[in-house]
Amino acid sequence: MALHLTRALCGRSLTLQLTPGRLGSPMIAARSIVLKSEAPKVETMENHDERNSKLGRPLSPHITIYKFELPANLSITHRITGMALATYMAAFGIGALVCPHDFSYYVDVVESWKLSAPTLIAAKFVLAYPFTYHLANGMRHLLWDTGKGLKMKEVYTTGYTMLAVSVALAAILAAM
C-alpha cells in the first residue's frame, strides 16, 4: 500500500484519484487526492557532444593526449601478471585433476618434441616472467607500505630496478 501511495504522489500522471478499489482501504477512500500539473514540455533530446558543440565548447581529448607514465604502466602490468598467475594456477590445477597421467609423463612428451635450446628457454621465460615481475613488484609495494620510496624520483628508481630484477630472475629460472 505504501508503494502504491508513493507512486500516486510521485507519479507522472496528470490526474490521479485514489479510490478504495485501488488501495483497499476505506480511510484512504474518504480522501481523494488529485494531482494536476502542467503539460510536460516537449524537448528534443540531444546528447552531450551535440549540446557542447552548439554552445561552442571544445571537445575534451580525454585519453588520446594522456601520456602513460612508468608508475601507471607498472600498475597495469602488475594486475595483468596477477591474472596470468591465477590462470596458470587454475589451468595446472584443473589439468592435474583431469589429465590421466602424472607430471613426469608430460615432461617426457615435451622432451620428445626435440625443441631447440633457445625455443625452450624462451618458452620457460614466458612462463616465469609473470611470477618474477609480480614478486618483485609486490616487494616494492611492501616497501611502500613502510612509508619509504614514495617520492616520485624514488618511485621511478625502484620501478626501473624492479624491472631489471624481474627480467634477471626470469632469465635465471628459464636457464634452469
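Q: Which residues do ring pairs link into a cluster?
A: This is a predicted model, where local features need pLDDT (the predictor's confidence in each residue, from 0 to 100) of at least 70, side-chain atom pairs count only at pLDDT 80 or more, and totals for chains, interfaces and linings use all residues. Residues are numbered from 1 along each chain as its sequence is written, and side-chain values use heavy atoms, with hydrogens and water left out. Rings of Phe, Tyr and Trp (its six-membered ring) pair if their centres lie within 6.5 Å, and planes under 30 degrees apart count as stacked, over 60 as edge-to-face and the rest as tilted. The cluster linked by such ring pairs consists of F125, Y129 and Y133.

Q: Where in the chain is confidence lowest, and where is it highest?
A: Across the chain, the mean pLDDT is 83, and 74% of the residues reach 70 or more. Where pLDDT is low, the predicted coordinates should not be read in detail. The lowest mean, 50, belongs to helix α3 (residues 26-30), while the highest, 97, belongs to helix α8 (residues 152-175).

Q: How many helices and strands does the chain have?
A: Helices (H or I, at least four residues) and strands (E, at least two) are DSSP runs, numbered from the N terminus. Reading from the N terminus, the order is α-α-α-α-α-α-α-α. The count is therefore 8 helices and 0 strands.

Q: Which residues make up the largest nonpolar core?
A: A nonpolar core is a set of buried Ala, Val, Leu, Ile, Met, Phe, Trp, Tyr and Cys residues joined through side-chain atoms within 4.5 Å. Here, buried means under 20% relative accessible area, exposed over 50%, and partly exposed in between (1.4 Å probe, protein chains only). Helices α5 (70-98) and α7 (117-145) are the elements that give two or more residues to the largest core. Its 5 members are L70, L74, Y133, A136 and M162.

Q: Is Y133 buried or exposed?
A: Y133 has many neighbours to look at: leaving aside those within four places in sequence, Y133 is in contact (heavy atoms within 4.5 Å) with L74, T77, H78, T81, M162, L163 and S166. Y133 also belongs to the largest nonpolar core. With a relative accessible area of 1%, Y133 is buried.

Q: At what angle do the planes of Y129 and Y133 lie?
A: Y129 and Y133 are 4 residues apart in helix α7, so about one helical turn separates them. Their ring centres are 5.9 Å apart. The pair counts as tilted because the angle between the planes is 45°.

Q: Which residues form an aromatic pair that is edge-to-face?
A: The structure holds 3 aromatic pairs, and a pair of aromatic rings is described by the distance of the centres and the angle of the planes. In the edge-to-face pair, the centres are 5.2 Å apart and the planes make 85°. Both partners are partly exposed, one at 37% relative accessible area and the other at 30%. They are Y105 and Y106.

Q: With which side chain does the side chain of H78 make a polar contact?
A: H78 lies in helix α5 and is buried, at 18% relative accessible area. Beyond four places in sequence, H78 is in contact with Y133, H134, N137 and G138. A polar contact is a pair of N or O atoms within 3.5 Å; within protein, one must be able to donate a hydrogen and the other to accept it, and residues adjacent in sequence count only if both atoms are side-chain atoms. At 3.0 Å, the partner is the side chain of N137.

Q: Which side chain meets that of K54 in a salt bridge?
A: A salt bridge is a side-chain nitrogen of Lys or Arg within 4 Å of a carboxyl oxygen of Asp or Glu, and the structure holds 2 of them. One joins K67 and E69 at 4.0 Å, N to O. K54 is exposed at 61% relative accessibility, and its N to O distance in the other bridge is 2.9 Å. The partner of K54 is E46.

Q: What is the phi of K114?
A: K114 sits in the loop between α6 and α7 and is exposed, at 71% relative accessibility. Most residues other than glycine have a negative phi, and most peptide bonds are trans. K114 is not a glycine, yet its phi is positive, at about 55°.
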